[in-house]
Amino acid sequence: MHDALTVDRLHFAYTVTFHYLFPQLTMGLALLIVILKTLALRTGDEQYNDAARFWARIFGINFAMGVVTGIPMEFQFGTNWAQFSRAAGGVIGQTLGMEGVFSFFLESSFLGLFLFGEKRLGPRGHWWAALMVFLGSWMSGYLIVVTDAWMQNPVAYRLGPNGEIILTSFWGLLLNPWGIWQYAHNMSGAVITGAFVMAAIGAFYLLTKQFQTYAKTFVRIGVIAGLVAALFQIIPSGDAQGRMIARHQPVTMAAMEGLFETQKGAPIAVVGQPDVDNQRLDNPLEIPRALSFLTYRRWMSEVKGLDAFPQQDWPDNIPLLYYSYHIMVGLGTIFIAMMILAAWKLWRGTLYDSRGMLWALMLSLPFPYIANTAGWMTAEFGRQPWLIYGLMRTQAGISPQVSSGNVWFTLIGFMGMYTVLSILFLFMVYRVIEKGPETAGGSKQNDSASEFFHEPG
Amino acid sequence: MQTVWFCLVAIMVAMYVVLDGFDLGAGAIHLWVARDDGERQQVIRSIGPVWDGNEVWLLAGGGTLYFAFPALYAAGFSGFYLPLMIVLWLLILRGIAVEFRGHLTTPVWLRFWDVVFSGSSLLLAVFFGAALGNVVRGVPLNDQGYFFEALWTNFRLGTNTGILDWYTIIVGVAALATLVLHGALWVALKTENAVHDRSFSLAHGVWWIVLVLTIVLTAITFKVQPGVPANLASHPWGYFFPALALSGLAGMLWFIRKRDELKSFLASCIYIVGMLTSAVFGLYPLVLPASTNPAYSLTVDNAKAPDYGLRVGLAWWIVGMILVAAYHFHVYRSFAGKVKIEESGKGY
C-alpha cells in the first residue's frame with residue numbers, strides 16, 4: 001500500500017465513485033423532468049408542473065453535489081496522472097475541453113433559468129429551459145464517456161517520434177464505436193437510477209398515504225421509464241457492449257466471466273467464485289454454451305479463456321472484476337423482472353393498492369446506484385493493466401514527482417470532506433421529501449426551489 | 001498556432017479572474033461590509049445567480065489548457081499538487097457554504113456558513129495569487145519536465161523553492177488586495193444603503209494599498225524574473241499592457257471619486273486584465289520558467305499539443321465561445337440591477 005501507483009488508483013477510484021453517485025441521478029432525472037414538462041404542456045394539467053418543481057428541487061441539490069465533486073476529477077488528470085496527461089492530453093484534452101466549453105456553460109446558464117425563471121419564462125420558455133438542461137447534462141455525459149472510450153479502445157491516433165500520441169481525426173475520436181455503445185449503456189443506466197428513485201419516492205408516499213395524486217404519477221412514470229430503460233440496458237446496449245469487449249479486449253472478457261480455459265461451447269457462470277491461484281471457478285452454477293452463443297451467436301464457437309493470454313496482460317484484480325460484473329448483470333436482470341411485474345400490475349390497475357409491490361419499489365432505491373457503480377468498476381478494472389488499452393500501462397501514467405505520502409494525505413482529506421458532504425446531502429434531500437410536492441403553481445414553489453441552488457437570487 | 005492558443009488560454013484565465021474575482025472578492029469582504037443577516041443576504045444574492053457560471057471559466061480554462069499545452073498541464077498540476085488540492089477543498093467548502101446557507105438558517109449555522117464562505121474566498125484569492133507568483137518566478141523543473149514543490153521551504157528564492165516564499169507571498173497579498181477592491185466595487189454596484197456605503201468606502205481605502213503593492217510588485221518582479229523587462233525592451237509595443245493596467249488603476253480612483261459605480265468596476269476589470277496580460281507578455285514564449293536550468297523551461301513550442309489538434313480545436317472553441325457569450329449576456333441581463341433589501345426574505 002505504499003507504492004504511489006496503488007494510492008493514485010485508490011484516489012481516483014474513490015473520488016470518481018463518489019462523484020458519479022450524483023450525475024447518474026441528474027442525467028436520469030433531467031429526462032424525466034422533460035417528460036413531466038411535456039405532459040404539462042400537452043395536457044394542461046397543473047399537477048405535472050407541480051411534480052416537475054418537486055423533482056427540480058431534488059435535481060438542484062444533486063447537481064450542486066455533482067459540480068463540487070466533479071471539479072476534482074478534471075484536476076486529477078494533471079495532479080495524479082501527469083505522464084498520462086502529457087502523452088494523451090492532445091487527444092483526450094479535446095473532449096474534456098469541449099465538455100467545459102459546450103456542456104458546463106450550457107448547464108449552468110439554463111439551470112438558473114430553469115430553477116428561478118418559471119414565472120418569467122412562461123410554460124413554453126420553461127419547457128425549453130428544462131430541455132436545455134437535459135441537453136447540457138447528456139452532452140456532458142457523452143463527452144466524458146467518449147473520453148473513457150478512447151482509453152478503452154484508442155482510435156484516430158498515430159504515434160510520434162518520441163512516443164507522443166497524436167490525434168489524426170477529430171470525428172474519429174468523437175464517433176469511436178466503443179463510445180457510442182458505452183454511452184447508450186451508461187445513459188440507460190442513468191435513466192434506470194432516475195426512474196427507480198422516482199418510483200421509490202412515489203411508493204413511499206403511497207405507503208404513508210401522503211401526496212397521493214403526485215405519488216401515482218411518480219410511480220407510473222417511474223415504472224414505465226424503468227421498464228423501457230431496464231430492457232434497453234440488456235438489449236441492445238449491454239449485449240453490444242459485451243461483444244465490443246469480446247472483440248477488442250478478449251482477455252478482459254475471459255476475466256469477467258471467470259473463464260480460465262479456452263473452450264468450444266463455453267458456458268456462462270451465473271454463480272461461482274474465481275480462484276486465481278488454482279485458475280478455476282469454485283462452486284460454479286453454469287448455463288452450458290451460453291457464453292459462446294452470446295459472444296459469437298453460435299453455440300459451439302470457441303471462446304478464449306485466460307490461459308490464451310500472457311499473465312502480464314491479465315487484469316490485475318480478477319476477483320473484483322468478476323464480482324463487479326456479476327453484480328451488475330444480476331441486478332440488471334432483477335430490475336427487468338421487477339419492472340415487468342410492476343408494469344403488469346399498473347396495466348391491470350392494481351399497482352397503487354399492491355402493498356407488497358410498493359414496498360419492493362421503495363426498497364429498491366439503492367440498487368441502481370450499486371449496479372451503475374459495479375458497471376463502471378467492470379469497465380475500469382477490465383481495462384487494467386492498461387491505462388490506454390494496448391498503448392500505456394497504468395504504472396507508466398502516474399505523476400513521477402508526487403510521493404505516495406502526499407497522495408495519502410489528500411485521499412484522506414477527500415474522504416473526510418465527502419463524509420461531511422454526504423451527511424449534509426442526505427439531510428437536505430430528506431427535508432425535500434418530507435415537505436413533498438406542493439399544489440398551487442407560482443411563487444411558493446419558486447421560493448423553495450431557489451433555496452437549493454444559487455440561494456435566493 | 002501555439003501563439004494563438006497561448007493568447008486564447010491567457011484570455012480564458014483573464015476572464016476567470018475578472019469574473020470569479022469579483023465573487024471571491026465579495027466573499028472576502030463579506031463579514032466586513034455586511035453586519036447582520038439581512039445585509040449578508042444582500043451580499044450573497046449579489047453574486048448568487050452568477051458565481052457558479054463564473055467558476056465554469058476555471059474548468060473551461062483548465063480543459064483548454066489541457067488539450068492545447070498538455071505538457072504544461074501535466075507539469076504544473078502535478079508540481080503544484082498540494083496547493084491545488086487545497087484550492088479544490090476550498091472551492092468545495094465555498095460552494096456548499098453558498099448553496100446550503102439557505103437551508104440551515106438558525107443563527108449558529110448562518111454564522112458558520114458566513115465564516116466558511118468568507119474564509120475560503122479570502123484564502124482562494126491568496127492561493128491564486130501565489131500560484132501566479134510561482135509561474136512568474138519559475139519552478140525547479142527537472143530534465144524530464146516535472147517538478148514538485150513543497151508548500152514552503154525556507155521562504156527564499158533559489159532552486160529549492162516552496163510554493164510560498166517572500167515573493168509569492170507578496171503576489172498573493174497583492175492578489176487579495178486587488179480582488180478585495182474588485183469585489184467591493186461589485187458589491188457597491190449591486191447593493192444599496194449600508195452595505196453599499198461600507199463597500200464603497202472600503203474600495204476607496206484599499207485602492208491606496210493596491211497602488212503601493214502594484215509599485216512594489218512591479219519593481220521586485222523585474223528583479224526576480226529578468227525576462228519580463230527584457231521582453232518589454234525588445235518589443236516596445238508590449239508597453240501597451242502595463243499602460244492598460246495603469247489606466248485602469250487611475251480610472252478606478254477617478255470614478256470612485258465621482259461615485260460612478262459601474263465605471264469604477266469596469267476600470268477594475270481593465271486593471272486586472274492589464275496586470276495579467278503584462279505578466280504573460282513578459283513571460284512569452286515561456287509558459288513555465290525553470291529555476292534550475294533555463295534549458296528545462298517549458299515554452300509554447302515544447303509544451304504544445306500537435307498541430308492538427310490545435311487546428312480543429314480552434315474551430316470548436318470559436319463556436320463554443322460565441323454560445324458562451326450569448327448565455328452570459330442573457331444571464332447578466334436577467335439579473336441586472338440592484339439587489340433590493342425588502343426582498344431579502346425569499347425569491348428574487
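Start by selecting chain B: its secondary structure comes to 13 helices and 2 strands. Keep in mind as you click around that this is a predicted model.

**Chain B, whole**

Colour chain B by burial and you'll find that 56% of its 348 residues count as buried. Its radius of gyration is 20 Å, and since a compact globule of 348 residues would come out near 20 Å, the two agree. Turn the chain along its principal axes and the C-alpha atoms fill a box of roughly 60 × 40 × 40 Å. Now switch on contacts with a separation of 6 or more: residues 24 or more positions apart account for 76% of them in chain B.

**Chain A, whole**

Next, hide chain B and bring up chain A, which has 15 helices and 8 strands. The radius of gyration here is 23 Å, close to the 23 Å that the globule rule gives for 457 residues, so chain A is as compact as a globular protein of that length. Its C-alpha atoms take up a box of roughly 65 × 50 × 40 Å along the principal axes. Buried residues make up 56% of the 457 in chain A. For contacts between residues at least 6 apart in sequence, 75% join residues at least 24 apart.

**Where the chains meet**

Show both chains again and select the interface: 56 residues of chain A are in contact with 60 residues of chain B. Which elements of chain A give two or more residues to this side? Pick helix 3 (46-79), helix 4 (82-116), strand 2 (165-167), helix 14 (404-435) and helix 15 (443-452) of chain A. Linger on helix 4 of chain A, because that is a good place to look: the largest share, 21 residues, comes from it. Colour the chain A side by class and you get 26 nonpolar, 24 polar and 6 charged residues.

**A helix pair in chain A**

For the last stop, select helix 8 (residues 212-248) and helix 11 (residues 318-348) of chain A, which pack at an angle of about 140° with their axes 9 Å apart. Angles over 145 degrees would count as roughly antiparallel, and helix 8 and helix 11 of chain A are therefore oblique to each other. Helix 8 of chain A passes helix 11 of chain A in a left-handed crossing.

Show side chains where they touch. From helix 8 of chain A, the residues include Val223(A), Leu227(A), Leu231(A) and Arg220(A); from helix 11 of chain A, they include Phe335(A), Met339(A) and Leu346(A). By class, this contact has 13 nonpolar, 4 polar and 1 charged residues.

Methods: Residues are numbered from 1 along each chain as its sequence is written. Chains are lettered from A and ligands numbered from 1 in the order in which they are written. This is a predicted model: local features need pLDDT of at least 70, side-chain atom pairs count only at pLDDT 80 or more; totals for chains, interfaces and linings use all residues. Helices (H or I, at least four residues) and strands (E, at least two) are DSSP runs, numbered from the N terminus. The radius of gyration is taken over C-alpha atoms; the globule rule is 2.2 Å times the number of residues to the power 0.38. A residue is buried if 20 or more other C-beta atoms lie within 10 Å of its own, exposed if 12 or fewer, and partly exposed in between; C-beta atoms are placed from the backbone. Two residues are in contact if their C-beta atoms, placed from the backbone, lie within 7 Å. Ala, Val, Leu, Ile, Met, Phe, Trp, Tyr, Cys and Pro count as nonpolar, Asp, Glu, Lys and Arg as charged, and the others, Gly among them, as polar. Axes are lines fitted to C-alpha atoms, for helices over the stretch in contact, and angles run from 0 to 180 degrees between N-to-C directions. Angles under 35 degrees count as roughly parallel, over 145 as roughly antiparallel, 65 to 115 as roughly perpendicular and the rest as oblique. A crossing is left-handed if the near helix is turned anticlockwise from the far one by less than a right angle, and right-handed if clockwise.
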